[in-house]
Amino acid sequence: MALLSLRDVRIRDGVGERDVVNGVSFDLAPGRVVGIVGESGSGKTLTCRAVLGILPEHFTVAGGTIELAGRDTATLTQREWTALRGATISAVFQDPASYLNPSLTVGSQIAEVVRVKKGAGRREAKRRAVELLSAVRLHDPELSYRQYPHELSGGMLQRVLIAAAIAADPQVLIADEATTALDVTVQAEILDLLADLRERTGLALVVVSHDLAVVAQLCDEVLVLRAGETVEQGPTEQILFAPRHEYTRLLITEHEQYGLDRVMDRELDHVG
């Protein structure tokens, strides 16, 4: 059964009086990865915010349905949303520093998630936080627990944010441009970490990126968005190796110089 199901979702800008996302549909099953690609302004992040129930002011879901773990999100109260976020669905965004409190250690912030969402005591929450920091492959989790955000690199902060995001054992994780600000080596490590989490826990992922190399490495299915419309959708291999839409072909051509060609060569070798 799909953990997350979108059917013909439309998102409306109440100020501009227009639909900015028009007709997005996909199903996400346990352990599967759906990628959403497109330029800035294509509607990728708004779609994810709609799924999380955190659309910016003036934006509303104007049509279609979003079902999360079998529940129509349009019927959820604020309290039910609060209970679902973190525990059923969670997210990692582009700038981890803006989602962490600079005056608290990163470990205490993860422990607080465990306490609130899992009802753990203080000692158990700390133990679990250290365990999570180890799970996201931080070299010295005990030391990392005691450090403040400004003491960690961008890649380490992103790992901390992933640890916080999975602290309450969600079934679905949205990674919205989660590796964009990182250098290529660290980006590869984070992608490998996400793939490992998927393998070990059955975590389902929605990966949002303008980088097709990221999508090629992780995703089973891809949606290509342009100006709020899905111009192409299908299995990753089909989209990358036999794109039907001119816009998709343009994206592939643009990204080949950034490493997509190497990823595609590896995929071909794997298939062969």
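## Notes on two sheets, two cores and a ring pair

1. Let's start at a strand pairing: leucine 68 stands opposite arginine 71, a residue of S5. This is a predicted model, so please read each point below as a description of that prediction. Strand S4, which covers residues 59-68, is joined to S5 by 2 bridges, and the two strands run antiparallel.

2. These strands belong to an open sheet of 4 strands, ordered S2-S1-S4-S5 and paired in the antiparallel sense. Which strands are the edges? They are S2 (18-28) and S5 (71-72), each pairing on one side only. Helix H1, residues 44-52, packs on this sheet, where it touches S1 (4-13), S2 and S4. The direction of H1 makes about 115 degrees with that of S1.

3. Just past S5 comes a residue to look at in your viewer. Threonine 73 sits in the loop that links S5 to helix H2 (78-84). Is threonine 73 buried or exposed? Its relative accessible area is 11%, which is under the 20% limit, so threonine 73 counts as buried. Leaving out residues up to four places away in sequence, threonine 73 touches Ile66, Leu68 and Trp81. Leu68 also appeared in the first point, as the residue opposite arginine 71.

4. The other sheet to describe is also open, with 6 strands in the order S6-S7-S8-S3-S9-S10 and mixed pairing. Its edge strands, S6 (89-92) and S10 (229-235), each pair on one side only. From one strand to the next, the twist averages 15 degrees. At the S10 end, S9 (residues 221-226) pairs with S10 in the antiparallel sense over 6 bridges. Leucine 225 has threonine 230 as its bridge partner in S10.

5. Strand S3 deserves a point of its own. S3 pairs with S8 (residues 204-209) in the parallel sense over 5 bridges, and with S9, also in the parallel sense, over 4 bridges. Valine 33 has leucine 205 as its bridge partner in S8, while valine 34 stands opposite glutamate 221 in S9. Why is S3 described as largely enclosed by the rest of the structure? The reason is that 5 of its 5 residues are buried. Both faces are covered, with Val33, Gly35 and Val37 on one side and Val34 and Ile36 on the other.

6. Within S3 (residues 33-37), valine 34 is a good place to zoom in. Valine 34 has a relative accessible area of 2% and is buried. What does valine 34 touch, not counting residues up to four places away in sequence? The list is Phe26, Asp27, Leu28, Leu205, Val206, Val207, Cys219, Glu221 and Leu223. The C-alpha atoms of valine 34 and valine 208 are separated by 8.5 Å, although the two residues are 174 residues apart along the chain.

7. Now to the nonpolar cores. The largest has 50 residues, and Ile110, Val160, Ile162 and Leu194 are those with the most contacts inside it. Setting aside its neighbours within four places in sequence, valine 160 is in contact with Leu100, Val106, Ile110, Leu133, Leu138 and Leu152. A second, separate core has 32 residues, among them Phe26, Trp81, Leu84 and Ala91. Two of these names came up earlier: Phe26 is touched by valine 34, and Trp81 by threonine 73. As general background, nonpolar side chains tend to be buried together in soluble globular proteins.

8. There is 1 aromatic pair to report. Phenylalanine 93 and tyrosine 99 have ring centres 5.2 Å apart and planes at 20 degrees, so the pair is stacked; the cut-off for that label is under 30 degrees. Phenylalanine 93 is buried at 12% relative accessible area, whereas tyrosine 99 is partly exposed at 42%. Which residue lies over the face of phenylalanine 93? Arginine 49 does, at 5.9 Å from the ring centre.

9. A last stop is serine 103, in the loop between S6 and helix H3 (106-118). With 52% relative accessibility, serine 103 counts as exposed. Serine 103 and tyrosine 148 are 45 residues apart along the chain, and their C-alpha atoms are separated by 7.1 Å.

Key: Residues numbered from 1 in each chain as written. Predicted model: local features only at pLDDT ≥ 70, side-chain atom pairs only at ≥ 80, totals over all residues. Heavy atoms only, no water. Phe/Tyr/Trp six-rings, centres within 6.5 Å; stacked < 30°, edge-to-face > 60°. Buried < 20%, exposed > 50% of the residue type's maximum accessible area, 1.4 Å probe, protein only. Lys NZ or Arg CZ within 6 Å of the ring centre and 35° of its normal. Core = buried A, V, L, I, M, F, W, Y, C linked by side-chain atoms within 4.5 Å. Contact = heavy atoms within 4.5 Å. Pairing = 2+ DSSP bridges. Axes fitted to C-alpha atoms, helices over the stretch in contact; angles between N-to-C directions.
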